[in-house]
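Work through the exercises below with the sequence and the structure at hand. Each task is followed by a solution in steps.

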Amino acid sequence: YFWGDLDMEGLRIFWRLRSELPQLQLSALYLPMINLLMSGCAHPYSTISGKPNQQPWQCQDTMVNRLLELCANGAIDQE
């Protein structure tokens, strides 16, 4: 299972790892992070959050694309 930041780069890392480890899945620990994101508790992609250079991207996987859409304007860190 993979558990990283719920942001564009965290999902990109997951997708790269999954290309080498097809059995890799997202952890259920993403559910509370998704809930936080949906409730408006995300931080912006800015210098102060350490994420100013994250760029949108598209994935072949529908679930990953939905998560990318969800975190398009803000992120939740795993910490």
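**Exercise 1. Overall form**

What radius of gyration does the chain have, and what would a compact globule with 79 residues have?

Solution. The model is a predicted one. Begin with the expectation: a compact globule with 79 residues would have a radius of gyration near 12 Å. The chain has 12 Å, so the value agrees with the rule. Next take the extents: the C-alpha trace spans about 35 × 25 × 20 Å along its principal axes. Then turn to burial, where 42% of the 79 residues count as buried.

**Exercise 2. Elements and contacts**

State which secondary structure elements the chain holds and in what order they run.

Solution. Count the elements: there are 3 helices and 0 strands. Read from the N terminus on, the order is α-α-α. Now consider contacts with a separation of 6 or more: residues 24 or more positions apart account for 78% of them.

**Exercise 3. Surface and charge**

Describe the exposed area of the chain and the placement of its charged side chains.

Solution. The exposed area is about 5,100 Å². Carbon and sulfur atoms supply 55% of that area. For charge, count 5 positive and 8 negative side chains. The centres of these two sets lie 5 Å apart.

**Exercise 4. Two residues before α1**

Decide for Tyr-1 and for Leu-6 whether the residue is buried or exposed.

Solution. Locate both: Tyr-1 is in the segment before α1 (8–20), and Leu-6 lies in the segment before α1 as well. Apply the cut-offs: buried means under 20% relative accessible area, exposed over 50%. Tyr-1 has 75% relative accessibility and therefore counts as exposed. Leu-6 has 0% and therefore counts as buried.

Then list partners, leaving aside neighbours within four places in sequence. Tyr-1 is in contact with Leu-24, Gln-25, Leu-26 and Ser-27. Leu-6 has contacts that include Leu-11, Tyr-30, Met-33, Ile-34, Leu-37 and Leu-67. Cys-71, Gly-74, Ala-75 and Ile-76 are also among the contacts of Leu-6.

Finally, compare sequence and space, C-alpha to C-alpha. Tyr-1 and Arg-18 are 17 residues apart in sequence and 10 Å apart in space. Leu-6 and Gln-25 are 19 residues apart in sequence and 14 Å apart in space.

**Exercise 5. An arginine in α1**

Is Arg-12 buried or exposed?

Solution. Arg-12 is found in helix α1. The relative accessible area of Arg-12 is 19%, so the residue is buried. Beyond its neighbours within four places in sequence, Arg-12 is in contact with Gln-55 and Trp-57.

Terms used:
Residues numbered from 1 in each chain as written. Predicted model: local features only at pLDDT ≥ 70, side-chain atom pairs only at ≥ 80, totals over all residues. Heavy atoms only, no water. Helix = DSSP H or I, 4+ residues; strand = E, 2+ residues; numbered from the N terminus. Buried < 20%, exposed > 50% of the residue type's maximum accessible area, 1.4 Å probe, protein only. Contact = heavy atoms within 4.5 Å. Rg over C-alpha atoms; globule rule 2.2 N^0.38 Å. Areas by Shrake-Rupley, 256 points an atom, 1.4 Å probe, with all protein chains shown as cover. Lys, Arg positive; Asp, Glu negative; His and termini not counted. Charge placed at Lys NZ, Arg CZ, Asp CG, Glu CD.
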